[in-house]
Amino acid sequence: MECQRTTMLSPQRMLGLLMLILLHGAADGACPPDINPLTLEPPVVVVRHGDPLEVNCSTLFNTHLGMHWVSTEGKTSLEEDRQFVTWNVAGVDWGTQAQCNIKLNGSLQCSQDLTLTVYKTPDSVSISVLSHSGPMVEGTEYQLQCDIQNIAPLQNLVVKWYKGNEPVGNVTYSNISKTPVDVSATLMISPSRDDDGAQYRCGAELDLGPEGPQPHPTVTSEPLNITVHYAPKFLPGNDTVVVSAGSDVSLDCSAEGNPPPELKWTNNTAEGNANETTVGPLRTLSISRVTANATYNCTVTNRLGSITKQMHVLVEVPPQRHLTMFPTVPTTPGATTTLPAAAKPKVVTSPLELNPPRVVVRYGDSVSVNCSTSSTVHEGMGWEATYGGTGFEQDVNIVTWTVDHLTDWTIEPKCYMTLTNSDQPIEVLPVILYKTPDSISISPLSHSGPMVEGTVYQLQCDIQNIAPLQNLVVKWYKGNEPVDNVTYSNIIKTPVNVSATLMITPSRDDDGAQYRCGAELDLGPEGPQPHPSVTSEPLNITVHYKPVIERLNLHSHVNESSTLDMILYTVSGNPPPNAVWYQEGRQVNASAPLARTDSGQYVITITNDIGSTNSTVHITVEYAPKFTCPDQYIFKENENHNLLVTCTVDGNPSSKITWYKAQQKVDIPQSLTRENRGEYTLVTNNKHGQASHTLVIDVLYAPEFLLGNDTVILSGDSDVSLNCSAEGNPPPEIKWTFAAGNVTVSTEGRQRTVRITRATSTNAGIYICTATNRVGTATRTTTVIPMKGYSTIMIWWIPVVILVTFVLIVVLYCRWRKRHGHYNFITNNNTEVNQPNNVPMMPPPTTVVGNPDPGGYPTKKV
């Protein structure tokens, strides 16, 4: 007895079987997005341009139709019975792409794209000052530019700025560019005097993520040394010196500035006993034998500005002198008193008061300021000015300076009074004369037409005839949002023409944006509120940018006869881009109807004047089902059929076949019997349509005998008929074999009859009936026995017939015993069957022809 072996599935096979079951649910023939049997190692690759690369693709499936790689380098051959395939390339190029594919069955294929980043460090990195050379001026804005040559990919670039060794700014890029580009980054600086001699550097760093090289590849520029010029500034020092009469004194006027400033001393006394000396940045005025109080003016000037400070020399004197200028201190006649620290003399506050103390006047407008005093001990007062001076007026406590149309940009009105001791206090009126610009306009500098995304441009704001410059604030706006301010440290009171610049790097979101600039005069709290301001007309910018595919189904399903133009996708680009489709590197007509055989991978390339982008799309062409099946199927009974292979459906999505017989749904067993013969209707449908087919199944089987006589006893001179009937498919041919005379054979339906006319003992013997068709052969024996009392020869046949009958009974009995149990019938077309199939296991009936003889045999007439 042969036993069937059962094998346990390994965990790997069970996982593979589970995935196959899940994948089988993908009726459209594509891999479900959340299930992919492919694994790439490494899954993400970062490689330097030109370097070699090797990637393995593996699967848990050990049963599939094949695996292979598809890349820009070509397609590898389909590998069967493999669980991994390797792709390698000697040198990676910019457009290199690779995809691993596995074909699970005739309609189901999965793929995995390799995430590949190709990089290149820059050929050079340099730093410079944009549109400027020579020293910089403190408080002025400058633009440093970092030029990076031939770097990729742009979206991974980080430009880092350094001042000395301290980072001061980073620039990143959102533009996606896989091939090398030249790029410039900018940094706005407003240097101070502390930055004189500072070094700036920029570095191009490629941040390629955790899969990229560590530390990040970086190339740094040579340092840029800057020189900063700035206006003079006094160093800390005492403004008041107290000395004894007749003593010597030194006054320090120390200032810093770049270029080094020039110094000038002036005083309001007639003393000529002062000598000026210079030691480094210290400027010293030495005065010998000081006899009276004095005020010295120290003026420091370079090309960026001029500043003045007053230094007071106070002489300690007896308390009866100059009561209005010094506090009273008890002294001894003829001696000099040294004051304690808490009693040091100080400068008395000016007795003059201006109202208002500071004026801001529009050019050409009127102005009026009062100067008053509360002192009653004075000889008179007045205004001294190029316009509106009053002259000296006696016995007044208030004088007014008035101008109807002020047009003097440098005017400095002074109110003065003369005290009875001949001292003359003075108050200078600060006057700011301002003028709003005649015109203001905005334009791109050295550029016309559309701008290109990611490129640096300079906008210029031209302001005509404005004053004073030091109060000007140029304000930049993008739409209604402020983006930058520019101020000026140069002190210029008269009207000037000035241009301010703004550096921009437009993006696609800036297409159609409006830029404006405004000239605003911030004249302080005494000036008009709100501040006088004039704004330019808006500048509309057009930004051209390379295309970007914003929405595209990477696994698109289309109907048969549709076109690639009908696939929905969304792209952005300016100028409007064009789309071109490729398959296996060849351009295809996007307007041509797609056939069912056109499913596969396509590349859509979107191009305009600025650049191009592409994406790989797996397109599945769907169509209604169609049967491939013969009209008739013939096979042998109990043999396994191939109907599931012979009758198939070509359709996408794939669909299941339903079988009907006599309008009843049926299941087709693996092996068919004669009862399964007949006409069947096959029906299938998918979302695109329905198909049906009529199939006639014909089951062939070997001949089988119907009931008949196995033994016939002759009666003298009687007619005898021996019947042999059999069925089979195809209908069998029946043939009798015998050796007797006066015998005829006739056929009626499935019955073939042997007729013996006037039977005699010579007709006794064995008659053999053979039934044959293309499936097999069956044989049946009929024994004809003569009656008792016939010739000795006939009597001799009786034992023979009995012996043959006994043997047949034994054989049939053994077969009957063997039929109890399970049998497998194997038909051999080349072997004849010596015994009929399904012959009842029973003793053969005996037919007696004629009257009973003395032996007592029963007789029956046929």
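**Reading the labels: buried, exposed, bridged**

User: Why is K687 called exposed?

Analyst: K687 has a relative accessible area of 62%, and since exposed means over 50%, the label follows for K687 in this predicted model.

User: What makes E622 and K687 a salt bridge, and which parts of the chain does the pair tie together?

Analyst: The N to O distance between the side chains of E622 and K687 is 3.2 Å, and because a salt bridge requires the two atoms to be within 4 Å, the pair qualifies. E622 belongs to strand 52 (residues 612–628), whereas K687 is in the loop between strand 57 (678–686) and strand 58 (689–705), so the bridge joins parts that are 65 residues apart in sequence.

User: How do you know whether E622 is buried or exposed?

Analyst: The relative accessibility of E622 is 3%, and because buried means under 20%, E622 counts as buried, while its partner K687 is exposed.

User: What makes R674 and E637 a salt bridge, and how far apart are they in sequence?

Analyst: The closest N and O atoms of R674 and E637 are 2.9 Å apart, so the pair meets the requirement of being within 4 Å. R674 is placed in the loop between strand 56 (664–666) and strand 57, and E637 in the loop between strand 53 (632–636) and helix 2 (643–646), which means that parts 37 residues apart in sequence are tied together. R674 has a relative accessible area of 17% and E637 has 15%, and because buried means under 20%, both R674 and E637 count as buried.

User: Why are E526 and R358 called partly exposed?

Analyst: E526 has 39% relative accessibility and R358 has 26%; because partly exposed covers the range between 20% and 50%, the label applies to E526 and R358. These two side chains also form a salt bridge, with the closest N and O atoms 2.4 Å apart. That pair links distant parts of the chain, 168 residues apart, with E526 in the loop between strand 43 and strand 44 (533–535) and R358 in the loop between strand 28 (352–355) and strand 29.

User: How many salt bridges does the structure hold, and which residues are linked in a network?

Analyst: There are 17 salt bridges in the structure, and E138, R193 and E256 are linked in a network of such bridges.

User: How do you know that R516 has no salt bridge?

Analyst: The nearest side chain of opposite charge, E537, is 8.8 Å away from R516, and because a salt bridge needs atoms within 4 Å, that distance does not satisfy the requirement. R516 is buried in strand 43 (residues 514–521), and its side chain reaches the backbone oxygen of G479 at 3.1 Å.

User: What makes V359 buried, and which residues is it in contact with?

Analyst: V359, in strand 29 (residues 359–362), has a relative accessible area of 6%, so the label of buried, which means under 20%, fits. Leaving aside neighbours within four places in sequence, the contacts of V359 include V367, V369, L429 and I432.

User: Why is L803 called exposed, and which patch is it part of?

Analyst: L803 has a relative accessible area of 54%, and because exposed means over 50%, L803 counts as exposed. Lying in helix 3 (residues 792–818), L803 forms a nonpolar surface patch with F806, V807, V810 and V811, and together they have about 440 Å² of accessible area.

Terms used
Residues numbered from 1 in each chain as written. Predicted model: local features only at pLDDT ≥ 70, side-chain atom pairs only at ≥ 80, totals over all residues. Heavy atoms only, no water. Helix = DSSP H or I, 4+ residues; strand = E, 2+ residues; numbered from the N terminus. Buried < 20%, exposed > 50% of the residue type's maximum accessible area, 1.4 Å probe, protein only. Lys, Arg positive; Asp, Glu negative; His and termini not counted. Polar contact = N/O pair within 3.5 Å; in protein donor to acceptor, adjacent residues only side chain to side chain. Contact = heavy atoms within 4.5 Å. Patch = residues over 30% accessible without salt bridge, like charges linked within 9 Å, V, L, I, M, F, W, Y side chains within 5 Å. Areas by Shrake-Rupley, 256 points an atom, 1.4 Å probe, with all protein chains shown as cover.
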